Amino acid sequence: MTDVDLDDEEYEKHREAGEILAEVRDEAAEMVDVGVSHLEVAEWAEDRIRELGGKPAFPVNISIDHEAAHATPSVDDDSTFGEEMINLDIGVHIDGWLADTAVTVDLSGNDDLAAASAEALDAALETVEAGVDTGEIGAAIEGVIDGYGFNPVVNLTGHGLGHWEQHTAPNIPNRSISQSTTLETGQVVAIEPFATTGTGKVHEGNDEEIFALEREGSVRNRQARQALDQISEEFKTLPFATRWLDTSRASMALRRLKQQDIVHGYPVLQEEEGELVSQKEHTIIVTEDGCEVTTRSR
Ligand code: MN
Ligand code: MN
């Protein structure tokens, strides 16, 4: 459960993270165009977050076409954008207090799919106030996406944002389900509808570039030890990319840490090849009669 009695300073850090993030998201979305490099956009956004006084809460996710989540460029990635559907999912934290947002840039000529997730998010935000059932939020999302003739991705959900924790209770479903969880004033949550031409159930692909610390531990291998020191100190339990590690032979170091269950990976989550996925996400603070969107464009 996300904490509902943060102090003023902690809420201010959430808001500051949101403000930085809104600016970086909008500027990064502007950069996306046919022929532009994925790695250039991801690194630009992560550097810009640091310049503005925040830290990336997780690697910039760049999901293309049937991909929905957990894709980020590798260290020497040479992919460029084509006439595709591109989802940018970006996070910022200030001392572990988080903001999480996503937007679709459509270069594929399927603006109605992008509009479906964007309108679903607007409809979801309309329902939010203290005491709202999370199933009601899901119903609003599903209603809009259904109306467009697409499917919501039902096995990805919105979530609470904890201190140094990107995903905490409550889950915010992307469909109507009776789960009888209500939101409370002061909760910080992310709502993230995904709309797809596919079945609405994503599965794990083969690519894995994002990892997070699972438990403390010790390793003998020097590069693995260097990587673990950096992870524990800098990222703590937040997700990081292979390309963020300073050690030489980072992939080997991560393999060792995974073998010992000290870190776990996040394989890319995707629909079937040939399908498309759009996504829109905002972070909010629940209020008595509505919500404050921390990641709103300024
Ligand atoms: Mn996100
Ligand atoms: Mn999220």
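In the predicted model, strands β1 and β3 (residues 85-94) run antiparallel and are joined by 7 bridges. Within this pairing, Lys55 stands opposite His93 in β3. The two strands belong to an open sheet of 3 strands, ordered β1-β3-β4 and paired in the antiparallel sense. Its edges are formed by β1 (55-64) and β4 (97-106), each of which pairs on one side only. Averaged over the sheet, and with direction ignored, neighbouring strands are turned by 10° against each other.

Two helices are associated with this sheet. Helix α1 (residues 8-31) lies across β3 and β4 and runs at about 20° to β4. Helix α2 (residues 38-51) packs on the sheet through contacts with β1 and β3, and the direction of α2 makes about 160° with that of β1.

A second open sheet of 3 strands is arranged in the order β12-β11-β13, again with antiparallel pairing. Here the edge strands are β12 (240-241) and β13 (263-266), and each of them pairs on one side only. Strand β11 (residues 210-213) pairs with β12 over 2 bridges, in the antiparallel sense. Across this pair of strands, Phe211 stands opposite Phe240 in β12. Helix α5 (residues 222-235) packs on the sheet and touches β11, β12 and β13, with a direction at about 80° to that of β11. Helix α6 (residues 250-259) also lies across β11, β12 and β13 and runs at about 110° to β13.

Aromatic residues are grouped in this part of the chain. The structure holds 3 aromatic pairs. One of them, formed by Phe235 and Phe240, is stacked, with 5.2 Å from centre to centre and 20° between the planes. Both members of this pair are enclosed: Phe235 counts as buried because its relative accessibility is 6%, and Phe240 is likewise buried, with a relative accessible area of 0%. Through ring pairs, Phe211, Phe235, Phe240 and Trp244 are linked into a cluster.

A further aromatic ring is approached by a lysine. Lys236, located in the loop between α5 and β12, lies over the face of Trp164 at 4.6 Å from the ring centre. The two residues are 72 residues apart along the chain, yet their C-alpha atoms are separated by 7.3 Å. Apart from residues up to four places away in sequence, Lys236 touches Trp164, Leu213 and Ile231. With a relative accessibility of 32%, Lys236 counts as partly exposed.

The largest nonpolar core comprises 26 residues, of which Val128, Ile137, Ile141, Leu183, Ile191 and Ile284 touch the most other members. Elements contributing two or more residues to this core are α3 (111-127), α4 (134-147), β8 (188-191) and β16 (282-287). Helix α3 supplies the largest share, 8 residues. A second, separate core contains 23 residues, including Ala17, Val24, Ile62 and Ile86. Within the largest core, the surroundings of Val128 bring together residues from distant parts of the sequence: with neighbours within four places left aside, Val128 is in contact with Ile137, Leu183, Ile191, Ile284, Val286, Gly290 and Cys291.

Strand β16, one of the contributors to the largest core, is paired with two other strands. Strands β8 and β16 run antiparallel and are joined by 4 bridges, with Val189 standing opposite Ile284 in β16. Strand β16 is also joined by 4 bridges to β17 (residues 290-293), again in antiparallel fashion. In this second pairing, the bridge partner of Val286 is Cys291 in β17. The connection between β16 and β17 is a hairpin through 2 residues. Of the 6 residues of β16, 5 are buried, and the strand is therefore largely enclosed by the rest of the structure.

How values were computed:
Residues numbered from 1 in each chain as written. Chains lettered and ligands numbered in written order. Predicted model: local features only at pLDDT ≥ 70, side-chain atom pairs only at ≥ 80, totals over all residues. Heavy atoms only, no water. Core = buried A, V, L, I, M, F, W, Y, C linked by side-chain atoms within 4.5 Å. Buried < 20%, exposed > 50% of the residue type's maximum accessible area, 1.4 Å probe, protein only. Contact = heavy atoms within 4.5 Å. Phe/Tyr/Trp six-rings, centres within 6.5 Å; stacked < 30°, edge-to-face > 60°. Lys NZ or Arg CZ within 6 Å of the ring centre and 35° of its normal. Pairing = 2+ DSSP bridges. Axes fitted to C-alpha atoms, helices over the stretch in contact; angles between N-to-C directions.
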